[in-house]
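Dear colleague,

Please find below the structure that I am handing over to you. I should be grateful if you would read the notes beneath it with the coordinates open.

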Amino acid sequence: MSFKQKVVTIERHIIEGERAHPDASGKFSGLLRDLTLAVKIIWREVSKAGLVNILGTIGRENIHGEQVKKLDVFADEKIYQALDHGGHLCVMASEENEDVLHIPDKYPTGKYVLLYDPLDGSSNIDANVNIGTIFSIYRRITASGKGTMEDCLQPGYKQVASGYVVYGSSTMFVYTTGDGVHGFTLDPSIGEFLLSHENIRIPKRGKIYSVNEGNYRWWHDGMKKYVKYLQEEDKATSRPYSGRYIGSMVADIHRTLLYGGIFMYPGDTRHPDGKLRLMYEANPMSFIVEQAGGKSSNGTERILDVRPSNLHQRTPLFLGSPEDVNECEEFLQGKQTLAPAS
Ligand code: AHG
Ligand code: MN
Ligand code: MN
């Protein structure tokens, strides 16, 4: 019998990580364990979404004025219910709810704060295309008792952990606690996420760009020039790049993490701050990308340094391979322009 190949569940990975930090209380592993339970329940529903009559909108809009689908609501509730009683959290906030989500009076509160996008890419559900869940964890700022808005409105660099789950051809859980990025693949036969991608590193430069090009006419000049630059032919810089856009940021960024390149959701003349939410999408994904050796920017500033003023604020987002994001910033800031046509 060979003992060389060890099977590492998320729980084991977290516990072993905590052992390396003697001040860790173990609360954190409990929190992530509760979260993996919720995502397994969401995965179960997502994977049978085509079988049961759970699809379709339920006729109301979320606070962003978008149609809410049944699975969004389901996922939102499951995460809250899995985490409201463990004593790890003092408050939560979700993309689907306008206000912060308090821990019920009957349960203890803890020292962490959870922000989440329960189902990302929900417009893709009906087409059986990858969707995801995104989460972001902070240490509380307030001293004790119930957490408040102040606990939730912290800049991204204060995150103690973040991650995402991508429900795809296989289901993966990818997370960081500030010590690299690790990916786990769900083995459905045993219902466990097993370590499959240890210490993910993003390539320094890629060959793929990912953006909704249908918005081209509203883009600012620098953005238009950058994408035109990527489409030019130049063997030395591997141009033209390939275009890939799924429309679920979890899936688009997961690919970017593994293959390199750049994912963009810019601001434009119609929507100056773009579409994506700082607290539920940009911050957690930026923490992951930076921990993998990548870079994340709003065009002028590091995303993780942005001081939030509103739970649901949006931000332009450019993230991925560091060299690609640097080049993109130069175009956006007008420091770089297209070579004159020869
Ligand atoms: P959500 O389903 O949580 O509202 O997020 C959808 C987001 C994101 O996943 C994706 O990158 C973006 O919307 C796609 O938007 P466009 O359709 O405007 O390209
Ligand atoms: Mn989303
Ligand atoms: Mn969502």
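The notes below take the metal site, ligand 1 and some backbone features in turn. Please keep in mind that this is a predicted model.

**The two manganese ions**

The manganese ion (ligand 2) is coordinated by Asp117 (OD), Asp120 (OD) and Glu281 (OE), at 1.8 to 2.2 Å. Along the chain, these donors follow the spacing D-x2-D-x160-E. For the manganese ion (ligand 3), the donors are Glu95 (OE), Asp117 (OD) and Leu119 (O), at 2.3 Å. Their spacing in sequence is E-x21-D-x1-L.

Which residue links the two sites? Asp117 bridges the manganese ion (ligand 2) and the manganese ion (ligand 3), and the two ions lie 3.7 Å apart.

As for the surroundings of these donors, Asp117 has a relative accessible area of 0% and is therefore classed as buried, the cut-off being under 20%. Leu119, with a relative accessible area of 2%, is buried, and Asp120 counts as buried at 5% relative accessibility.

**Ligand 1 and its shell**

There are 17 residues around ligand 1, and Asp120, Gly121, Asn212, Tyr245 and Tyr265 come nearest. Asp120 is also a donor to the manganese ion (ligand 2).

Several polar contacts to oxygen atoms of ligand 1 may be of interest to you. A polar side-chain atom of Tyr245 lies 2.5 Å from an oxygen atom of the ligand. In the side chain of Asp117, an N or O atom is 3.1 Å from an oxygen atom of ligand 1. Leu119 takes part through its backbone, where an N or O atom lies 3.3 Å from a ligand oxygen atom. Taken alone, ligand 1 exposes 470 Å², of which the protein buries 86%.

Two elements give two or more residues to the shell, namely β5 (112-120) and β13 (262-265). Of the elements, β5 gives the most, with three residues. By class, the shell comprises six nonpolar, five polar and six charged residues.

Where does ligand 1 lie with respect to domain 1 and domain 2? Domain 1 (10-197) and domain 2 (208-332) both give residues to the shell around ligand 1, so the ligand lies between them.

**Backbone features**

Some points in the backbone deserve a look when you inspect the model. By way of background, most residues other than glycine have a negative phi, and most peptide bonds are trans.

The peptide bond from Arg239 to Pro240 is cis, with omega near 0 degrees. Pro240 belongs to the loop between α5 (221-231) and β12 (242-243).

Asn128 has a positive phi, near 60 degrees. The residue is in the loop between β5 and β6 (131-139). With a relative accessibility of 73%, Asn128 counts as exposed, because that class begins over 50%.

Asn199 likewise has a positive phi, near 50 degrees. Its position is in the loop between β10 (192-197) and β11 (208-210). Asn199 is partly exposed, with a relative accessible area of 41%.

**In brief**

Asp117 coordinates both manganese ions, and its side chain also has an N or O atom 3.1 Å from an oxygen atom of ligand 1. Leu119 coordinates the manganese ion (ligand 3) and has a backbone N or O atom 3.3 Å from an oxygen atom of ligand 1.

With kind regards

Conventions
Residues numbered from 1 in each chain as written. Chains lettered and ligands numbered in written order. Predicted model: local features only at pLDDT ≥ 70, side-chain atom pairs only at ≥ 80, totals over all residues. Heavy atoms only, no water. Near = heavy atom within 4 Å. Polar contact = N/O pair within 3.5 Å; in protein donor to acceptor, adjacent residues only side chain to side chain. Areas by Shrake-Rupley, 256 points an atom, 1.4 Å probe, with all protein chains shown as cover. Helix = DSSP H or I, 4+ residues; strand = E, 2+ residues; numbered from the N terminus. Nonpolar A, V, L, I, M, F, W, Y, C, P; charged D, E, K, R; others polar. Domains from an automatic or database assignment. Donors = N, O, S within 2.8 Å, 3.2 Å for Na, K, Ca; no water. Buried < 20%, exposed > 50% of the residue type's maximum accessible area, 1.4 Å probe, protein only.
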